[in-house]
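The following exercises are to be worked through with the sequence and the model in view. Each task is followed by a solution in steps.

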Amino acid sequence: MELTTVRIDKPDDLNVIIGQAHFIKTVEDLHEALVGNGPHLRFGLAFCEASGPRLVRHSGNDDDLVELATKNALAVGAGHSFIVFLREGYPVNVLNAVEQVPEVCGIFCATANPVEVLVAQTELGRGIVGVVDGLPPLGVENADDQTARRQLLRQIGYKM
């Protein structure tokens, strides 16, 4: 087995969801789940088919994001993995809908941070072992940090 890392190529302002699913229908069902979250959400998704013609299937409502998802899915190249890029929306707003898609087996990350995908290569193919999501901590929050966190959540509307 060979273990490598694949850095996800994305602008800093984009959010990405990386997961694993199990069926060609995943592309259409993910598209429906995402578009059902509102007309403002822009997204592109790609899915690595693991049998048959083994194509990267793709969809979305933003051509640039579809192209970016397809390029990154090809770079990862792990069977049954998928990548979703979001603009004008956040993973917290769509993650439940994504996880409820019957074909989705699991989510590796949902983030705007820099991401590296840990990929294992065997004789059979490639699989995602995990992800590196962002940078390591610089310390432990103190009381002022806790207050600032709580204020931010209220300021951006996630808490009352």
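**Exercise 1.** Determine whether Gly44 is buried or exposed, and describe its surroundings.

*Solution.* Gly44 has a relative accessibility of 0% and therefore counts as buried; buried means under 20% relative accessible area, exposed over 50%, and partly exposed in between, with a 1.4 Å probe and protein chains only. The model is predicted: local features need pLDDT of at least 70, side-chain atom pairs count only at pLDDT 80 or more, and totals for chains, interfaces and linings use all residues. Residues are numbered from 1 along each chain as its sequence is written, and side-chain values use heavy atoms, with hydrogens and water left out.

Next, locate the residue: Gly44 belongs to strand β3 (helices, H or I, of at least four residues and strands, E, of at least two are DSSP runs numbered from the N terminus). Leaving aside residues up to four places away in sequence, its contacts include Ser59, Leu65, Ile83 and Phe85 (heavy atoms within 4.5 Å).

**Exercise 2.** Identify what the side chain of Glu49 reaches, and state where Glu49 lies.

*Solution.* Glu49 is placed in the loop between β3 (42-48) and β4 (56-60). With a relative accessible area of 10%, Glu49 is buried. Its side chain reaches the backbone nitrogen of Leu55 at 2.9 Å. A polar contact of 3.0 Å also joins the side chains of Glu49 and Arg57; such a contact is a pair of N or O atoms within 3.5 Å, where within protein one must be able to donate a hydrogen and the other to accept it, and residues adjacent in sequence count only if both atoms are side-chain atoms.

**Exercise 3.** Which elements give two or more residues to the largest nonpolar core?

*Solution.* Begin with the core itself, which has 21 residues; Ile8, Val76 and Phe85 are among those with the most contacts inside it. A nonpolar core is a set of buried Ala, Val, Leu, Ile, Met, Phe, Trp, Tyr and Cys residues joined through side-chain atoms within 4.5 Å. The elements sought are β2 (15-21), β3, α2 (63-76), β5 (81-87) and β7 (115-121). Of these, α2 gives the most, with 5 residues. Another core, of 17 residues, lies apart from this one and includes Val27, Phe43, Val94 and Val98.

**Exercise 4.** Where is Ile156 found, and is it buried or partly exposed?

*Solution.* Ile156 is in the segment after α4 (143-155). Its relative accessible area is 48%, so Ile156 is partly exposed.
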